[in-house]
Amino acid sequence: MGGGRWRRVLSGVGRSIAVWAVSTVTMLVLAGALPDFQLQSDNGDSATRIAVTAAAGAGVFGLLSSLVWPLLVRALLLVPALILGLLVFFLNGSLLLLALRINPSGQSEAAPETAVVVAAVMSAVASATGAALAVRDDDAYRRRLYRLAARRRDRSDGHAGPSTPGVVFVQLDGVGHDVLEEATGKGLMPTVARWLGITHRLTPWRTDWSSQTGASQLGILHGSNHDIPAFRWYEKESHEVMVCNRPSSAAELQRRAIAYTGDGGLLTVAGASRGNLFSGGADELALVLSMAARRGRENRSRSGYFAYFSDPANAVRTAMSFVAEVFRETGQSTRARLQKRRPRVGRGGLYPLVRAFATVVERDVVVAAVIGDMLAGRDAVYADLVAYDEVAHHSGPRGRDTEKVLERLDRSLALIEKVAEHAPRPYRIVVLSDHGQSPGETFLTRYGLSLGNLVRAGCGLPVPRRARGTHSGAEARAAVRAALRRPVEESGGRHRPSRHSEPVVLASGNLGLVSFPDVPHRMSREEIDRRHPALLSTLANHPGVGFLLVRSEEHGGLVIGAHGAEAPVDTLDDARPGPLADFGPGAADAVRRTHTFPHTADIMVNSWYDPGEGEVLAFEEQIGSHGGLGGAQGHPFLMSPLDLSDPVDDDGDLVGAERVHRVLRGWLRECDGPQVPLPAGESGRAA
C-alpha cells in the first residue's frame, strides 16, 4: 500500500474518531439537559462510567445509522418528499432506542419522544462535523461520489463498458466567448486554459435573434427552434403567453420541436439530460423542466435530488455551501449598495436564496448526476450549469462576483475530468454555452418608464405614475419552483380579447414584443398606423430603441429605425444593413428568419445598442441581459476536443443553434454513438 493511500486511510479514520467523539459529547450534553434521557442508573454512577456509556451509545447509534440508513432511503424513495422528511425523525429515534437497548452498559434509557429529539440533534451534529472536516477534501468528496455510482453499477447487468468513447456536453449557461477568453487569460479557469493549450479548440458561434436559453437549447437538443421569437411571447389563437422556463410551455415547445423535425432529439439513444429546460429525448433525466409539469411516475426529473441527498454527507456539504453562498451574496450586494455602483438592480427578497440554489444546489446535484452517468458508461450526457447566468443578471457579466462563480465552474470541470479516468469507457468532454450576456443599465432606470408605459403613451392610453419592473426570467428561479413542485406561472398568462383590448407588452432581455390580442392575425404596419397613428414613430424615435420589425402589406417584413429610416427586410444584408448597421454581421439574416415565424409579435422592439461599449438597455430588471441583438449576448462558444472534427469549414462561421445541433450529432456519430435523427415514434417519447 503506497504512502498516499495510507494517508487517505488515516485521514478517514481520523475523521471517524472525531465524529464519534463529538457525538459522545453531544449525548452527554443532552443527557444533562433533557429530564427523560439518562445515561446512568437510578442509584447513580461515576463520571467515568457515564462517559463510557455515552461513548458506547454514540458508537452503536453511528454504526446502526451507517448500516441501516442507506437501506431505508432506498425503500422510501417513492414516498413524497414531505412525508419522507417527517419519517426521517421517527426512524432516527427508533434507531437511537435500539442503540440504547443493545448498549453493553445497559444503563441508558429515553422516552420515545425524547429519543426523536436526541437522534435528530446527534445526526445533525455528527453529519456537520464529518462534512466540515471533509468539505474541502476533494478526494473524500470524489470517493463518496464513486460509492454512489458503484451502487448504480451493482444494480446493472454487470457487463463491461464499451471501448468506443462517450461524450459529455457541459453547458456553461450565459458564459460568452469573450468572457471565457478573459477568464482563462486571468487564470480564473486553469482547467479550461490547460485544455485549450493541449487537447481542445475554442470556436465562437452566433445565436439567432432570440439569444436566450429556450431558443438555443431547444435548437441544440432537438434540432429546431423554429417559431421561438423570444423568451416569452403571446399566442393569439390560444390567448396564452408562452414562457420558455414555464414547465407547461417547455413541454409544449419540446413536443412541437419533435413534431417539426421527426426525431426524438440528440440524446434519444442511451442519453442523459441533467439540469436542462428540455430532455433531448433522453431516458435518464434529472432536473429537466419540460418534464416537471408531469405528475406521478412519468416525472422522473426530481429523482436527481433523491439520488444526491440519499448520502447524508452530500446533504450537509451542500447545505453548508448554500448558507455560505447566501451570506456571500448578502455581503456583495451590501458592498455594491454602499459603494453606489452603477448600474445596479435590486438584489433583496428571495434573490439570495435563488442565487444559492443556482450556484450550489443545482450545481452539486447536476455534477453528481453527470459523474454517475460517466461511471455508468452512458453514451451521451448533456448538462446545464446555470450559476454564471443567474449571478451575471444581477451583478453584471464582469466583476468580482462572476469571477468567483467562474472559478467554481472550472473546479466542477476538473472534477468531471478526474472522474473520467475511472469511467468504464473513454469520454470526450465538450464544453459550450447557449448565449453570452451584454452589460448595461435597464431601460426603466435610464428613462424612468418601462417599455409597457412607452407603448401605452404611443397608443394614447393613460400611463401609471409608478412604473413597474419586469420580473426576471432567469432559469434558476424556474428550477427552484419546479423542485418545490410549484409550477412557474407568471401573472397575466391568459389574455381574453375584448373590443378595446389593451396591447400585451412582454420583455425578453433587451427584446420587447407588442401584441394586440383583439386582432386574430399579425397586424400590419398599415393597420397599426390606422389604429394608433403615433405608436410606431413614438417607439422608433425613442433614444432607447434600436429598431422595430413589423409586417407591411406592401413590403412584407419591414425594419424601422429612427428619423424615418426604414427598409424591407428582404433587401438587407451585411453589405447593406440599413437600420441594423450597429448590430453587426448576421443581424439581417437573424431578423429575416424571425419575420417568418407564425408567432412573431405585431411589433418586435430591439433596444438601443452601443457598439463601442457593448452595452444594451434591458427591458427587464437585469444589468447583464440577453434575448435580443447587440453585443456579447449573441456570441457564445463551443470548446471541443481536437480528436473530434472541426465544427466549421475553412473561413466559415458557426451560426444558429440548429447548426450546433448538427455538429454535435456528427460528433456522436464519429464516436460510434447514438445514431440520430431517430424517428420520434421509434424513440417512444413523441408524446
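User: Why is F583 called buried in this model?
Analyst: In this predicted model, F583 has a relative accessible area of 11%, and because buried means under 20%, F583 counts as buried.

User: What makes F547 and F583 an edge-to-face pair?
Analyst: The rings of F547 and F583 lie 5.1 Å apart, centre to centre, with 80° between their planes; since rings pair if their centres lie within 6.5 Å and planes over 60 degrees apart count as edge-to-face, both conditions are met and the pair is edge-to-face.

User: How do you know that this pair links distant parts of the chain?
Analyst: F547 belongs to strand β14, whereas F583 is in the loop between β16 and α21, and the two are 36 residues apart. F547 and F583 also belong to one aromatic cluster together with W209 and Y609.

User: Why does F547 count as buried?
Analyst: The relative accessibility of F547 is 0%, and because the cut-off for buried is under 20%, F547 counts as buried.

User: Why is Y447 called partly exposed?
Analyst: Y447 has a relative accessible area of 26%, and because buried means under 20% and exposed means over 50%, Y447 falls in between and is partly exposed.

User: What makes the charged end of R446 count as sitting over the ring of W608?
Analyst: The charged end of R446 is 4.9 Å from the centre of the W608 ring, which satisfies the distance part of the rule, within 6 Å; the rule also asks for a position within 35 degrees of the ring normal, and R446 is listed as sitting over the ring of W608.

Technical notes
Residues numbered from 1 in each chain as written. Predicted model: local features only at pLDDT ≥ 70, side-chain atom pairs only at ≥ 80, totals over all residues. Heavy atoms only, no water. Buried < 20%, exposed > 50% of the residue type's maximum accessible area, 1.4 Å probe, protein only. Phe/Tyr/Trp six-rings, centres within 6.5 Å; stacked < 30°, edge-to-face > 60°. Helix = DSSP H or I, 4+ residues; strand = E, 2+ residues; numbered from the N terminus.
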